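Trainee: I've got a protein model open and I'm not sure how to read it. Can you walk me through it?

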Amino acid sequence: MNHQLKLDGRESRNSFNRPSTAPQAVYIHIPFCTNKCFYCDFNSYVLKDQPVMDYLRALDREMELTVRETPPGEIKSIFVGGGTPTVLKPDEMEFFLSSVRRHFPDWAADIEFSMEANPGTTDRDKLAVMKDGGVNRVSFGVQAFQNELLSGIGRIHNTDDVFRSLENAMAAGLDNLSIDLMFGLPNQTVEMLDYSMSRALELGLPHYSIYSLKVEENTLFHTLYQKNQLPLPAEEDELKMYLLLMERMEQAGYKQYEISNFAKPGYESRHNITYWRNEDYYGLGAGAHGYVNRCRHVNIKGVNPYNEATQQGRPILERFEVPREEAMEDFVMVGLRVLEGISDDRFQRQFGVRLEDMFGEQLGKMLNAGLLERTAAGGYRLSRKGILFGNEVFAEFVGALDGK
Ligand code: SF4
């Protein structure tokens, strides 16, 4: 459920004093899924009857046009999200991965090349093609270890698929694996989450992402919620779940490096850190957003309109430079998600002013409320309490510079 990270509802970011450099991170969107999960508002379409090969050719064209306009640097991370990229058949996957390699040929020796996958969509042949094509990290959308919870959120896999898929990945030599889990699901209890955590931790993977369910507009869950027919856990249970999962991860030796992400040392998602640090990245594919040379762009969302647009040029829906004040607010909100926090040094390097000069009032208020604390490097980070109430902290910075 990582897909392309949502940046707290504000997808636009920019930097200012930083000289522009060739991007070193690439996001590519494959918008097809076997079915639509009940909570999903991502740009994804049910695979049946979709023009998959046309889409992959359009992507190839978009990559060609993009790197012609902005040649890439040495690539440090590639993230293929969706959708479910692993619904591609082995020959489609091979075509796609060779396109990526052709347009982005210069890879760092330690490149992180991640692909999202759903259990049940990765047989050994496909995993072998992925590995041959350079993929070295796979993130599986597992969500829970109870089949009744999985079917209740519209997932098509079951727990047997999870174990088989992970076994297949390891047999293919892919051992940098991550799984996504969810909490706050309809009918989920604290005990059920505890059970899922036990099963997940028995796998001993290097990385886990654990998200709370958000009821988004234009989803089946939103309709049910409005009719009062979505049996979500009580708020205090959801809080207990979050406390429980953090405790379980810590006991098992994982570092929580972001609000929803836990890793063994050295296995933090490098690609996501690009977003959180406000660095450049290419965004390719239907509905993808990218940030290159101080400009933010969003691509056309629909598959056919996207395919057609690439015949004429880059399939961009909008491209804009983000106002400086908004970029500063984003720096703080997105940066605070990472538990090491934000530093005044980096803020000054990007914007040429001190963090306190822009956000002194808000930072002071959050320190007094015990939601932020100072770091040894003179910056700010979420306190233990602030991790639990992150949204309250982030809300403090939305529009904080309006009219300044
Ligand atoms: S697999 Fe992911 S992208 Fe596809 S429908 Fe489910 S949540 Fe959405």
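Mentor: Sure, let's start with confidence. pLDDT is the predictor's confidence in each residue, from 0 to 100. You need that here, as this is a predicted model.

Trainee: Okay, so what average pLDDT does the protein chain have, and where does pLDDT stay under 50?

Mentor: The chain averages 93, and 95% of the residues score at least 70. Over residues 7-19, though, pLDDT stays under 50. The model still has 65 contacts beyond four places in sequence for that stretch.

Trainee: How many helices and strands are there?

Mentor: The protein chain has 15 helices and 16 strands. Its radius of gyration is 21 Å, close to the 22 Å that the globule rule gives for 404 residues, so the chain is as compact as a globular protein of that length. Along its principal axes, the C-alpha trace spans about 55 × 50 × 45 Å.

Trainee: And what share of the residues count as buried?

Mentor: That's 57% of the 404. For contacts with a separation of 6 or more, 72% come from residues 24 or more positions apart.

Trainee: Let's try one residue. Where is A252 found?

Mentor: A252 is in the loop between α8 (235-251) and β9 (255-258).

Trainee: Why is A252 called partly exposed?

Mentor: Buried means under 20% relative accessible area and exposed means over 50%. A252 has 30%, so it counts as partly exposed.

Trainee: Which residues does A252 touch, leaving out those up to four places away in sequence?

Mentor: A252 touches L201 and K264. L201 is 51 residues away from A252 in sequence, but their C-alpha atoms are 7.5 Å apart in space.

Technical notes:
Residues are numbered from 1 along each chain as its sequence is written. This is a predicted model: local features need pLDDT of at least 70, side-chain atom pairs count only at pLDDT 80 or more; totals for chains, interfaces and linings use all residues. Side-chain values use heavy atoms; hydrogens and water are left out. Contact means heavy atoms within 4.5 Å. Helices (H or I, at least four residues) and strands (E, at least two) are DSSP runs, numbered from the N terminus. The radius of gyration is taken over C-alpha atoms; the globule rule is 2.2 Å times the number of residues to the power 0.38. Buried means under 20% relative accessible area, exposed over 50%, partly exposed in between (1.4 Å probe, protein chains only).
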